[in-house]
Every structure is written in structure tokens, then in C-alpha cells.
Amino acid sequence: MEQRGRRTWRRRWLWLSCFFAMVAFQSVSLAQIRYSIAEEVKEGTVVGHIAKDLGLDKSTLRSRGYRIVHGSTEPLFQVNQDDGILYVKRKIDREEVCERSKACVIELKTALENPLEVHYIAVEVSDMNDNAPSFIEKETFLEISESALPGTRFLLQGAHDSDSGLLSVQRYTLSPNDHFRLEVKDRGEDRKTPILILQKPLDRESVKSYTLHLTAIDGGKPPKSGEMKINIVLVDVNDNHPVFTKESYSVQLQENTALGTTIIQVNATDPDEGANGDVLYSFSKDVHGKVKEYFDLNSITGEITVSGILDFEERNKYEIDIQASDKGVGTLTTDKTVIINIIDVNDNVPEIELMSYSKTLPEDSKSGTTVAVITVKDTDSGINGKVLCFINQDVPFTLNPSVQNNMFSIVTKTPLDREKRSQYDVTIIAKDTGEPSLSSEKTIRIDISDMNDNSPLFLLSPYTFYLTENNYPGDSIFKVQATDQDEGNNALISYHIFRGGENVLSSFININPVNGDISALKSFDFEKLKTFRFYVVATDSGSPSLSSNVSVNVFLLDQNDNPPVILHPVSSNGSAEGVEEVPRNVPAGHLVTKVRAYDADIGYNGWLLFSLQEVSDHSLFGLDRYTGRIRTLRSFTETDEAQHKLVILVKDNGNVSLSATATVVVKLGEPKEAISASDVKSAATDIGDSGVTFYLMITLASVSTLFLISIIVLIAMQCSKTTDVSSKYLPETNYDGTLCHSIQYRSGEKRYMLVGPRMSIGSTIVPGSNGNTLVVPDRRSTSTEVRNDNHTLLCQVLP
């Protein structure tokens with residue numbers, strides 16, 4: 001019996017072991033592991049060790065393809081097949097995943113293959129207080145009749161908090177006041193509705209309005225809050241609402257209805273009297289702003305008019321909520337919907353699309369050359385979508401239809417000539433066959449490219465330039481410019497100077513080949529060169545190139561770069577010094593000598609003035625500042641010194657005056673008549689009366705010879721000056737070597753001369769005149785009247 005009992009117990013134990021093993025296997029296969037993480041954790045955060053918690057062999061996870069089974073959406077978690085660790089794949093927003101559920105549990109199903117094992121994992125996402133309560137409207141308005149009784153309840157808009165549980169809205173507070181209190185109604189599911197309750201009677205005559213602040217606070221630590229401003233306006237009693245006369249309003253409207261057209265009129269009445277019965281109409285607050293662009297509502301008459309362009313293709317129906325409000329204090333309103341159906345018409349114009357386009361066309365293109373290809377389409381259907389296309393212009397282009405529908409090509413129909421017209425604006429017209437017909441236009445610009453058939457043309461021919469002497473070598477002195485009617489390289493002009501010919505001065509001139517700026521490679525001297533000419537050649541860059549040339553005449557202008565030169569007195573060693581002997585018995589005004597000088601410059605630069613820079617006795621001698629004549633101011637006395645030194649300064653009238661000095665030593669001799677008498681008496685005594693005539697003849701011949709030699713020397717010195725006669729400058733024939741120069745030039749048939757004050761060169765200027773430009777008179781006349789710009793001058797030819 002005992003053995004039988006033992007056998008029975010062993011069988012039972014074996015059966016129970018198998019049973020518990022099967023149960024254990026089922027529990028492993030269907031086991032559910034639960035993890036918990038907070039929301040908003042970073043990507044890669046470890047959630048749990050699945051392999052370890054399930055007791056799985058880590059080495060077989062990858063070979064058995066351990067994975068999370070998920071749908072089409074991107075999974076929030078990912079398992080590592082090497083170590084079986086579950087981690088966050090992307091950032092989790094609890095409010096996005098579970099919305100407002102109190103418990104946010106994400107169910108995951110993992111699977112192993114060969115053999116198949118399925119494990120369920122639950123991940124609970126705990127909420128964080130990352131959202132503050134907020135009101136849909138930051139400010140609300142309440143109109144409360146002053147007749148409202150204490151205890152009257154006003155339902156307020158509740159705050160919304162995306163968090164759940166204790167982290168959602170837990171309580172409301174109201175700013176302190178004497179007339180209102182706050183009551184909160186808990187509706188479950190994290191919904192708490194604030195209710196405003198009137199505590200004391202209202203008196204609009206005492207207080208017209210109240211401003212309260214409603215604050216919603218959540219249960220976070222620290223808590224977050226949101227606020228809404230409540231504006232309460234007290235109004236007089238107005239207990240009747242406006243009533244519309246119709247139950248519904250609807251109208252059909254063509255999409256091409258003109259702006260300002262009245263389409264419907266709504267009407268509402270209010271049985272109240274006075275202002276409480278006057279009705280005003282307006283769009284409801286929920287009417288989209290886009291609708292207000294298409295329709296206007298007359299607030300007094302209730303007429304709805306078209307204010308924008310309607311388009312059936314854009315929208316074919318409008319439902320507009322109209323609000324009727326009375327004018328009573330504590331306005332009462334009634335809403336009514338107006339339905340507007342839009343009827344389609346032919347309002348879509350054909351559209352022209354440019355597929356290929358050759359903007360530039362050579363002027364030698366043959367007839368039939370394709371310029372552009374276009375397609376035309378119309379979104380309308382039927383005859384409204386059938387399009388005709390043509391060119392309605394007198395241009396050398398035509399429109400040819402293609403094999404495909406609504407495709408056309410623009411081709412040339414006559415030869416082109418760019419010189420007659422270089423550009424065409426071709427307008428293509430597309431017109432549908434609808435009623436009424438609609439059309440559109442597209443203009444394309446066609447440029448005609450150039451052939452090199454025009455030579456460069458200079459702006460002037462010839463060029464005349466005036467250049468001041470002593471220019472800096474390398475500086476730009478003037479510029480030439482040429483134009484070419486061609487375009488591009490055909491009109492790209494380069495300049496060069498023609499180096500051939502007899503004019504060797506062209507080698508001293510350089511030109512910028514790009515812009516035509518001309519520079520001198522040397523400094524010119526007016527006293528050596530008055531004028532010269534060279535040629536500039538302009539060549540375009542076409543193939544083959546064309547060119548033209550122009551002559552450039554250059555006239556040099558004088559600068560004050562030459563000091564005065566003393567002609568008399570001049571000593572034997574070349575210095576400006578001289579000795580003059582004057583008898584003591586000469587009267588006042590006696591001409592002692594005359595200082596002669598000249599200046600190689602012309603005009604003002606060559607006008608000379610004389611002044612005494614140094615004199616031993618100012619009472620004895622005087623100097624004429626214009627002629628250089630030195631005369632005695634009084635008779636000599638016995639007490640006057642026998643020798644006097646005079647230093648004369650000669651300077652020109654240039655902007656920067658140049659000068660020279662001359663020294664004259666005046667020696668006083670014996671009285672002239674006494675010396676002559678004694679000489680004659682002595683000679684008579686020595687040679688007798690018979691030799692007087694012979695010596696007188698010798699003396700006369702000697703004086704005549706010396707006079708002729710002096711005249712020849714003066715003429716030779718005057719002729720030795722460099723005088724370049726050109727078409728612009730004329731020589732001065734009346735220069736006497738003692739005064740400043742003059743410059744003469746010709747303009748047309750007249751000859752002009754620049755002179756200085758009181759200049760005696762064959763003309764005498766009337767005293768008081770400031771003019772310095774004279775018309776040179778005819779030398780054959782003895783006197784004439786000469787005019788300049790400002791004065792009338794009398795000129796007289798001197799003998």
C-alpha cells in the first residue's frame with residue numbers, strides 16, 4: 001500500500017511538473033514587460049533591457065531576426081539586435097501620441113523567428129508640465145444688463161492645457177472685485193468650466209464697465225498659468241431681438257456681374273421702440289475676410305452688392321452669415337445665412353505660351369526662317385475653348401499653324417534690313433469663339449543682328465584743338481571720337497595715329513586705342529612751334545574691318561615762360577649795363593637814354609613795364625614806365641655829384657610776373673657849348689681855314705655810316721625772333737623793341753590785335769579806355785574808329 005501510494009504521488013508530481021512547465025512556457029511567450037519613460041526625452045535614451053528582462057540569449061538575437069513589429073508609421077522605439085536594449089528612436093510628445101489620455105501607454109510587439117516567439121512590451125510615457133494653460137481669446141467682452149439680478153450666472157470660456165492629469169488646469173482665480181465671484185464646474189476628463197456669478201445689483205449710472213482678469217492655473221511644480229481679460233459693459237434693458245422677415249435667403253449670380261450690382265436685400269424688424277428698435281446689418285464675425293473682398297453689405301438698408309471680381313472656377317458658392325443688431329443699449333443680435341450660387345460664363349481668355357524663341361535674327365536671313373514656336377490654350381470648353389491665332393501687323397513675319405492643335409510657328413516672310421529697322425515688336429493675338437469672344441495678346445521682341453557695312457564716322461572733321469605750351473609729357477591733351485552705326489564688334493572702334501607723311505611731329509603724339517584720348521610724349525614750346533597737324537585713323541572690329549581718318553590741327557597757346565631780355569644798354573661782356581655822359585648844362589626833360597627790352601612771350605605775357613628800382617637822386621631823373629625813356633627832371637647844379645647810378649626793373653604782365661634789370665651809369669660832363677667853342681677855336685688854330693670843310697665832310701660821313709649800321713643792327717635783331725606765320729597768327733609789324741608785344745589774329749575777314757594800355761604800336765588808344773582788343777585798321781587810311789565789346793576806341797596810324 002505504501003509503495004502504491006508512492007507511485008501515485010510520483011505520477012501526480014510528474015504531471016504537475018509538465019503542467020507548470022507548459023504554463024511557464026506560455027507565460028514567457030506571451031509575457032508583457034512594462035517600462036516607463038518621461039516625454040520629450042532625447043533620441044537614443046535607453047528604455048529597458050528587453051533581452052535581459054525576458055531571459056533571452058543575446059547571442060541569438062541577430063540570427064533570429066529580433067525586431068519590433070510596427071505598421072506604416074515611423075516607430076517611436078528601436079531595439080538593438082546585438083544586446084537587446086530598447087531605446088527611443090525619435091522625440092516623443094505625449095500630447096501628440098496620447099492626446100489628453102490620463103495614462104499614455106504605448107504597446108509594442110516584438111518577434112523572434114526560428115522558432116517564432118512573440119513578446120509584448122508596454123511603455124508608459126509619463127507626462128511633463130511642458131504646456132501652460134491658454135485661452136482661445138486673450139480678451140473677451142460681456143454686455144450685462146443693469147437689470148440683471150444677483151445670482152445671475154455667466155458661462156465663461158475655459159482654458160485649454162495640452163497636459164493631462166494634475167498637470168492640466170486645476171483651478172481658476174478671478175481678480176478681486178465687489179460685484180462678481182467665480183465658480184468652477186468640474187466636468188471630468190480634465191474639463192473645468194469657469195462661471196461668473198453676479199453677487200450685487202448693478203448700477204450703470206455709477207459704474208459703466210468692469211475689467212476683470214481670469215487666471216487658469218495647472219497642477220505642475222512650479223505651476224504654469226494663462227490669463228484672459230474680461231471686459232464687462234453694463235447696458236440698459238433691451239429685451240427684443242431683431243427678426244428676419246424670411247426664413248432663408250438665396251440668389252443665383254453670374255460670375256461676370258458688374259461691380260456695384262445689388263444682388264439681394266435682407267430685412268429684419270425689431271418690435272422695440274426708439275434706438276432699441278433700429279436695426280443695423282453687418283457680416284458675422286466668422287465670415288472669412290476673403291468673402292468681404294467680393295461682397296459689400298449696406299449696414300442700413302441690408303443690400304448686398306458685388307465689390308470684387310467673381311470667378312466660377314475659383315468658387316461657385318458662398319454662404320454668408322448676416323447679423324441684424326438693434327441700436328439699443330445692450331445690443332441684441334440675430335444671425336441669418338445668405339446663400340449665393342455663382343453661374344459660369346465664358347470668362348477665361350486664351351493663354352499664349354512661348355515654347356522656343358530666337359531673340360536675335362541675322363539681317364541676311366532667308367524668307368521662311370522660323371523665329372519662334374508658340375502654343376495656345378483656353379481653360380474653357382466647347383466653342384469657348386476653341387482658339388484662333390493670327391498677327392495683325394505690317395511686319396515681315398507671319399504665323400503658320402502646326403500639325404498639332406493650338407501650336408503655331410512665327411516665320412519670316414520678306415527680307416530684313418537692319419539699317420532700316422533693327423527691332424520688331426511682334427504681337428500675336430489669340431481669340432476664342434465663345435460668346436462674347438475673348439482674346440489675349442503676347443508681344444515678342446525680335447532684334448535684327450548687324451552686318452559690318454558701315455565705316456566709323458568722326459564727330460568732327462577736321463578737329464581743331466588749342467594746347468598750352470609746356471605741357472607735361474604723357475598727360476592727356478585732348479580727345480577724338482568716332483561712331484559706327486553697326487553693332488557689337490562691328491561698332492567696336494580702335495584708334496591709331498597715321499605715322500606716314502611729312503609730319504614728323506606725329507611721332508611725339510600717342511593715342512589711347514580704346515577711347516581716343518590723345519597725349520603728347522614731349523613738352524611743346526610756343527616760341528619754337530606755333531601749330532602742327534597729324535591724322536587719326538579709326539578702325540572697327542568687324543570682319544573685314546572698315547576705317548576712316550580725320551586731320552587734327554593743333555594750335556599752341558603761349559605761357560609766361562620767358563623773362564624780359566635787355567637790348568639796350570648792353571656792355572661788351574653781355575651784361576645789361578651802360579654808361580651815358582650828359583653835359584651839366586642840359587635843361588629839364590633832356591633824354592638821357594632809352595632802355596630797350598623785349599619778351600619772347602606774346603599778349604599779356606609779353607607786355608613790359610619799366611620802373612626805377614634804384615636811383616642815387618630821385619630829383620634828377622625820371623623814367624617813363626611804358627617807353628623806358630630816362631629824362632632829366634631838372635637842370636644840374638654845381639653841387640650835384642658827377643656820377644649817378646640808375647637800376648631799372650623791367651617786368652612783364654603775366655600771372656606770375658618775370659623780370660630783368662638794367663644798370664645805367666650817368667656821368668656829368670662839361671657844358672656842351674663851351675666845349676664845342678674851344679674845340680673849334682683850337683682846330684682853327686691848328687689846321688687853318690682850309691681844312692675845316694674836309695673834316696666836316698668826314699664827320700658827316702662817319703655819323704651817317706654809324707646811323708645806317710645802327711638801323712641794320714636793330715632790324716637784324718628784330719628779324720632774329722622766331723615768328724611762325726600760320727593761318728591763325730599774324731606778325732606784328734610795328735614793334736619798336738621798347739614796348740610789350742602784341743598778338744594779331746584773323747577771324748573771317750577781320751584782323752584783331754591784343755594790346756596793353758597806352759601802347760604805341762601804330763595805334764593810339766583814347767585815355768580812359770580799358771579795352772585791349774582792337775580791330776586792326778587798314779594801313780592805307782590815316783585814322784579810323786575801332787570798336788571792341790565794351791568801348792569805342794579811336795586809333796590813329798602814326799607816321
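# Exercises on a predicted model

P462 lies in the loop between β32 (457-458) and β33 (463-468). The structure used here is a predicted model.

## Exercise 1. Two cis peptide bonds

Task: State the form of the peptide bond from S461 to P462 and of the one from K221 to P222, and place P222 in the chain.

Solution.
- Step 1. Start with P462, which was placed in a loop above. The peptide bond from S461 to P462 is cis, and its omega is near -5 degrees.
- Step 2. Go on to K221 and P222. The bond that joins them is also cis, with omega near 0 degrees.
- Step 3. Locate P222. This proline sits in the loop between β13 (209-218) and β14.

## Exercise 2. Positive phi outside glycine

Task: For N114 and N470, give the phi angle, the loop and the class of exposure.

Solution.
- Step 1. Read the angles. N114 is not a glycine, yet has a positive phi of about 55 degrees. N470 is not a glycine either, and its positive phi is about 65 degrees.
- Step 2. Find the loops. N114 belongs to the loop between β6 (105-112) and β7 (117-126). N470 belongs to the loop between β33 and β34 (476-479).
- Step 3. Classify the exposure. A residue is exposed if its relative accessible area is over 50%, and buried if that area is under 20%. N114 has a relative accessible area of 66%, so N114 is exposed. N470 has 31%, so N470 is partly exposed.

## Exercise 3. The second largest pocket

Task: Describe the second largest pocket by its volume, its lining residues and the kinds of residue in that lining.

Solution.
- Step 1. Give the volume. The second largest pocket holds about 380 Å³ of space.
- Step 2. List the lining. The residues are E137, E139, T140, F141, E143, K285, D286, Q323, T331 and T333.
- Step 3. Sort the lining by kind. Five of these residues are charged, four are polar and one is nonpolar.
- Step 4. Ask which element gives the largest share of the lining. Strand β8 (residues 139-145) does, with four residues.

## Exercise 4. N231 and its surroundings

Task: Decide whether N231 is buried or exposed, and find which side chain makes a polar contact with the side chain of N231.

Solution.
- Step 1. Place the residue. N231 is part of strand β14 (residues 225-235).
- Step 2. Apply the cut-off. Buried means under 20% relative accessible area. N231 has 9% relative accessibility, so N231 is buried.
- Step 3. List the contacts. With its neighbours within four places in sequence left aside, N231 touches E139, T140, F141, L142, Y210 and T211.
- Step 4. Pick out the polar contact. The side chains of N231 and E139 make one at 2.4 Å.
- Step 5. Link this to the pocket of Exercise 3. E139 is one of the residues that line the second largest pocket.

## Exercise 5. Strand β39 and its partners

Task: Work out how β39 pairs with β36 and with β40, and why β39 is described as largely enclosed.

Solution.
- Step 1. Take β36 (residues 493-497). Five bridges join this strand to β39, and the two run antiparallel. In one of the pairs, Y495 has A538 of β39 as its bridge partner.
- Step 2. Take β40 (residues 547-557). β39 and β40 are antiparallel and pair over nine bridges. Here the bridge partner of T531 is F555 in β40.
- Step 3. Look at the link. Six residues form the hairpin connection from β39 to β40.
- Step 4. Count the buried residues. Seven of the 10 residues of β39 (residues 531-540) are buried, so the strand is largely enclosed by the rest of the structure.

## Exercise 6. R445 and a distant part of the sequence

Task: Find how many residues separate R445 and Y357 in sequence and what distance separates them in space.

Solution.
- Step 1. Place R445. This residue is in strand β31 (residues 439-449), and its relative accessible area of 40% makes it partly exposed.
- Step 2. Compare sequence and space. R445 and Y357 are 88 residues apart in sequence, and their C-alpha atoms are 9.8 Å apart.
- Step 3. List the contacts. Beyond four places in sequence, R445 is in contact with Y357, K359, Q423, Y424 and D425.
- Step 4. Pick out the polar contact. The side chain of R445 makes one with the side chain of Q423, at 3.4 Å.

Definitions and conventions:
Residues numbered from 1 in each chain as written. Predicted model: local features only at pLDDT ≥ 70, side-chain atom pairs only at ≥ 80, totals over all residues. Heavy atoms only, no water. 1 Å grid on protein atoms, 1.4 Å probe; cavity = no way out; pocket = protein on both sides within 12 Å on 5 of 7 lines; lining within 4 Å. Points joined across faces, edges and corners; volume = space filled by probe spheres on them. Nonpolar A, V, L, I, M, F, W, Y, C, P; charged D, E, K, R; others polar. Buried < 20%, exposed > 50% of the residue type's maximum accessible area, 1.4 Å probe, protein only. Polar contact = N/O pair within 3.5 Å; in protein donor to acceptor, adjacent residues only side chain to side chain. Contact = heavy atoms within 4.5 Å. Pairing = 2+ DSSP bridges.
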